[in-house]
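Colleague: I would like to understand one part of this model properly rather than skim the whole thing. Could you pick out the sheet and take me through it, strand by strand?

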Amino acid sequence: MNYLIVGLGNIGKEYEDTRHNIGFMVVDEAAKQAGATWSLLKLAYYTDFKQRGKNVYMIKPTTFMNLSGKAMNYWMQQLKVPLENVLVVVDDLAIPFGSLRIKPKGSAAGHNGLRSIEATCGGQNYPRLRFGIGDNYPKGRQVDYVLGPFDKEEQKDLPGLIDHSVKMIQSFVNIGIELTMTNLNSK
């Protein structure tokens, strides 16, 4: 069985610790826990490892957020991973900070990375792990908020939330999305 885990974010030092890059942070930790290292390949940073006899491939697209679908589609084809075995790790304004939810499908809800995936990979029927970043920003300041760093209080909770997200990825690969939703979704 082949699985593709796609962490969404933007490349570049200026984006490294921003809310919009939580997808990168989560897959970085998953790779670290698996003892895997990243290589820069076509359209993405790439790594892979085995988990309970299953092939787990992970990418961090280098296309920037708005073209994430291009990288995801390329690697799905290359690695022959069916859409139901892809998990996209994404920041989500619609759920509160600290909330982690995995689900089998859904809308892009205004997220440009998900919009790109929908357009390139054939719709909304792909699993995603939604990492809640909340919507605590003044009207008209959404871009500054998502491209800004987590605040001091949030930073204290980040390691535990990232670790829980890694457990959700491992569970998705090991036992599937339904049981992962039941066992590990938070708030």
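Modeller: Happy to; what follows starts with the whole chain, moves to the sheet, and then looks at a strand inside it and at one of its edges.

This is a predicted model, in which local features need pLDDT of at least 70 and side-chain atom pairs count only at pLDDT 80 or more, while totals for chains, interfaces and linings use all residues. Residues are numbered from 1 along each chain as its sequence is written, and side-chain values use heavy atoms, with hydrogens and water left out.

The protein chain has six helices and seven strands (DSSP runs numbered from the N terminus: H or I of at least four residues for helices, E of at least two for strands). Along the sequence they come in the pattern β-α-β-β-β-α-β-β-α-β-α-α-α. Of the 187 residues in the protein chain, 52% are buried (under 20% relative accessible area with a 1.4 Å probe and protein chains only; over 50% is exposed and in between is partly exposed). The C-alpha atoms fit a box of roughly 45 × 30 × 30 Å along the principal axes.

Now to the sheet. The seven strands make an open sheet with mixed pairing, in the order β2-β3-β4-β1-β5-β7-β6 (two strands pair if DSSP finds at least two bridges between them). The edges belong to β2 (39–41) and β6 (100–103); each has a single partner strand, so one side of each has no neighbour in the sheet. From one strand to the next, the twist averages 25°, with axes fitted to C-alpha atoms and angles running from 0 to 180 degrees between N-to-C directions. In general, strands of a sheet pair through backbone hydrogen bonds, either parallel or antiparallel.

Strand β4 is a good place to look closely. Eight of its eight residues are buried, so β4 is largely enclosed by the rest of the structure. Both of its faces are covered: one carries Lys54, Val56, Met58 and Lys60, and the other carries Asn55, Tyr57, Ile59 and Pro61, all of them buried. In the sheet order, β4 sits between β3 and β1. With β1, the pairing is parallel and uses five bridges; Ile5, for instance, has Met58 of β4 as its bridge partner. With β3 (residues 44–51), the pairing is antiparallel and runs over eight bridges, and Gln51 faces Lys54 of β4. The hairpin of β3 and β4 has two residues between the strands, and Arg52 has a positive phi near 45° there.

At the other end of the order, the edge strand β6 is held to β7 (residues 128–132) by four antiparallel bridges. Arg101 has Arg130 of β7 as its bridge partner. Arg128 also lies in β7, and at 2% relative accessibility Arg128 is buried. Apart from residues within four places in sequence, the contacts of Arg128 (heavy atoms within 4.5 Å) are Leu87, Val88, Arg101, Ile102, Lys103, Lys105, Gly106, Ser107 and Leu114. Gly106 is 22 residues away from Arg128 along the chain, and their C-alpha atoms are separated by 8.3 Å.

Back at the scale of the chain, residues 24 or more positions apart make up 70% of the contacts with a separation of 6 or more.
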